[in-house]
Amino acid sequence: MRKLFTIIVSLGLILAFSLSTTEMAEAKTKIIAYKNCKEMNKVYKGGVARSSSVKNKGGKTKYKPFVSKALYDKNKSRDRDKDLIACER
C-alpha cells in the first residue's frame with residue numbers, strides 16, 4: 001500500500017512539473033506579426049525557424065534562428081526564399 005502511494009505521488013509530481021514547464025515556454029514567446037524583418041531582427045537576431053531541423057537555402061548565416069512554429073506561421077510572409085526560416089541573417 002505504501003509503495004503504491006509513493007508511486008502515485010511521484011507520477012503526479014512528474015506530470016505537474018512537465019505541464020508547468022511547457023506553459024512557461026509558451027508564455028515567454030509572444031506571437032506577434034512583425035511589420036518587417038528589421039523589426040523582427042531586433043528581437044530575434046537570427047530570425048525565426050519553423051522547426052529545428054530546417055536548413056538555410058541561402059548562404060552562410062551569422063546567427064542561429066529562434067525555433068517557434070506558431071511565431072513562424074504568424075510571420076510566414078517574411079520568408080522570401082521559402083526555406084522555413086523567416087528573416088534569417
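This is a short tour of a predicted model, one selection at a time.

**Stop 1: the beginning of the chain**

Start by selecting Met1, Leu4 and Ile8, and show their side chains. Together these residues make a nonpolar surface patch of about 390 Å². Now colour helix H1, which covers residues 2-28 and holds Ile8. Is Ile8 buried or exposed? Ile8 has a relative accessible area of 53%, and it counts as exposed because the cut-off for that word is over 50%.

**Stop 2: a pair within helix H2**

Next come the salt bridges, and the structure holds 3 of them. As background, side chains of opposite charge can pair when their charged atoms come close. Select Glu39 and Lys42 to see one of these bridges, with 3.5 Å from N to O. Why do these two residues sit about one helical turn apart? Both belong to helix H2 (residues 37-43), and they are 3 residues apart there, so about one turn separates them. Switch on a surface and compare the partners: Lys42 is exposed, at 58% relative accessible area, while Glu39 is partly exposed, at 30%.

**Stop 3: a network around Asp73**

Keep the side chains on and move to Asp73. Which residues are linked with Asp73 in a network of salt bridges? They are Arg50 and Lys69.

Take Arg50 to begin with. The closest N and O atoms of Asp73 and Arg50 are 2.9 Å apart. Asp73 lies in helix H3 (residues 69-74), whereas Arg50 is in the loop between strand S1 (48-49) and strand S2 (66-67), so this pair ties together parts that are 23 residues apart in sequence.

Then add Lys69 to the selection. Its side chain meets that of Asp73 in a salt bridge of 3.1 Å, N to O. Here both partners are in helix H3, 4 residues apart, which is about one turn of the helix.

With the three residues on screen, look at how much of each one is covered. Asp73 is partly exposed, with a relative accessible area of 33%. Arg50 is partly exposed too, at 31%, and Lys69 falls in that class with 48%.

**Stop 4: the largest pocket**

Select Val54, Lys55, Lys64, Pro65 and Ile85, then turn the view until you look between them. These are the residues nearest the centre of the largest pocket, out of 15 that line it. The pocket has a volume of about 220 Å³. What classes of residue make up the lining? There are 6 nonpolar, 6 polar and 3 charged residues. If you wonder how such spaces are found, rolling a probe the size of a water molecule over the atoms shows where empty space is left.

**Stop 5: two backbone surprises**

For the last stop, show the backbone and select Leu84 and Cys87. Most residues other than glycine have a negative phi. Leu84 is not a glycine, yet it has a positive phi of about 70°. You will find Leu84 in the loop between H3 and strand S3 (85-86), and it is partly exposed at 34% relative accessible area.

Cys87 also has a positive phi, of about 60°, although it is not a glycine. Look for Cys87 in the segment after S3. Is Cys87 buried or exposed? Cys87 is buried, with a relative accessible area of 4%.

Terms used
Residues numbered from 1 in each chain as written. Predicted model: local features only at pLDDT ≥ 70, side-chain atom pairs only at ≥ 80, totals over all residues. Heavy atoms only, no water. Patch = residues over 30% accessible without salt bridge, like charges linked within 9 Å, V, L, I, M, F, W, Y side chains within 5 Å. Areas by Shrake-Rupley, 256 points an atom, 1.4 Å probe, with all protein chains shown as cover. Salt bridge = Lys/Arg side-chain N within 4 Å of Asp/Glu carboxyl O. Buried < 20%, exposed > 50% of the residue type's maximum accessible area, 1.4 Å probe, protein only. 1 Å grid on protein atoms, 1.4 Å probe; cavity = no way out; pocket = protein on both sides within 12 Å on 5 of 7 lines; lining within 4 Å. Points joined across faces, edges and corners; volume = space filled by probe spheres on them. Nonpolar A, V, L, I, M, F, W, Y, C, P; charged D, E, K, R; others polar.
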